[in-house]
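User: I am new to reading protein models and would like a close look at one part. Please pick a strand and walk me through what surrounds it.

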Amino acid sequence: MKGAEATIVALATPPGRSALGTVRLSGPRCRELARLLLGTELEPRRATTRAFLRKGVIVDRVVATYWAGPSTPTGEDLLELVAHGSPEILREIVEAALEAGARAAAPGEFTRRAYVNGRLDLAQARAVGDLIAARGASARASALKRLEGGLSESLDEVRAPILELLAALEVRLDHPEEDIASLAAAEVDLALSDAGARLTRMASGYARGRSRREGARVGLFGSPNAGKSSLLNALLGRKRAITAPEPGTTRDLLEEQADIGGECVTLIDTAGL
């Protein structure tokens, strides 16, 4: 199965060794694959500990949870398997799912399916990647707000009066024989001006949002022995740069990330001017 009707599988946790690892499947065959791989029927929305089998051999004991669509993150049947975080175990689980008929998920395909199935709008889908990549509390909070629909609500507030104005214009154009009063120019100007002002305010926050998402770069400049490296160490809370009474200790750029007031900042220590 190659299209959206396929059941996909992927590792949902970062690769490497850890206490636990999660494998996620999404698609119409999740319940069937659960029976094949676990040898039992799963009750929806109930976590169950079961032996995971591959070719009749136990790979690991996993915590399996099955959700029936469309009330799932992807809008379709979903199966999550939590196993011990051994790369070998997780690889066996993914390979067994592929052998049973699942397809390897493309990058971002779980989020794409959530968008296609109406579980997320485009702004929320983009926020998923921003939340995962967020550095600093401020960037995380901003991405989470958009994922919860903050940006979408703001756009809807701008869109609604424009749609109302468009509907008022269309009804007058489509039904000129009806006794409908003409739209006042002042009323149209007010609606468009208000929408324009809202959009301008939203656009003005782009640079600030980008800085939160990507992190600001701050250079420390000054004369030799002014205390630039000491300031870097103080901001980091640890001794990262070498400091000495003699000038010229710092000769190359030294970059280090710091969390300052919830903002992710890349500090750049420089040689004395």
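Analyst: Start with one pairing: strand E4 (residues 57–67) and strand E5 run antiparallel, joined by 5 bridges. Keep in mind that this is a predicted model. Now find the facing residues. Val 63 stands opposite Val 82 in E5. Ala 64 also has a bridge partner in E5, and that partner is Leu 81.

Now turn to E5 itself. Strand E5 covers residues 78–85. Is E5 enclosed or open? Of its 8 residues, 6 are buried, so E5 is largely enclosed by the rest of the structure. Buried here means under 20% relative accessible area.

E5 has another partner. Strand E2 (residues 18–26) pairs with E5, again in the antiparallel sense. This pairing runs over 8 bridges. One facing pair to look for is Leu 20 and His 84: Leu 20 stands opposite His 84 in E5. E5 therefore pairs with E2 over 8 bridges, while 6 of its 8 residues are buried.

Go back to E4 and follow the chain of pairings outward. Which strand is joined to E4 by 7 bridges? That is strand E3 (residues 48–54), and E3 and E4 run antiparallel. Phe 52 helps you place them, since its bridge partner in E4 is Asp 60. E3 and E4 form a hairpin, with 2 residues between them. Look at Lys 55 in that turn. Lys 55 has a positive phi of about 55°.

Put the pairings in a row. E3 pairs with E4, E4 with E5, and E5 with E2. Trace them in that order on the structure.

Finally, step back to the whole chain. The protein chain has 9 helices and 9 strands. Of its 273 residues, 35% count as buried. What is the radius of gyration of the chain? The value is 28 Å, whereas a compact globule of 273 residues would have one near 19 Å. The C-alpha atoms fill a box of roughly 80 × 70 × 30 Å along the principal axes.

Contacts give another view. Take the contacts with a separation of 6 or more: residues 24 or more positions apart account for 51% of them. The accessible surface comes to about 16,200 Å², and 56% of this belongs to carbon and sulfur atoms. As for charge, the chain has 36 positive and 36 negative charges. The mean positions of these two sets are 9 Å apart.

Conventions:
Residues numbered from 1 in each chain as written. Predicted model: local features only at pLDDT ≥ 70, side-chain atom pairs only at ≥ 80, totals over all residues. Heavy atoms only, no water. Helix = DSSP H or I, 4+ residues; strand = E, 2+ residues; numbered from the N terminus. Rg over C-alpha atoms; globule rule 2.2 N^0.38 Å. Buried < 20%, exposed > 50% of the residue type's maximum accessible area, 1.4 Å probe, protein only. Contact = heavy atoms within 4.5 Å. Areas by Shrake-Rupley, 256 points an atom, 1.4 Å probe, with all protein chains shown as cover. Lys, Arg positive; Asp, Glu negative; His and termini not counted. Charge placed at Lys NZ, Arg CZ, Asp CG, Glu CD. Pairing = 2+ DSSP bridges.
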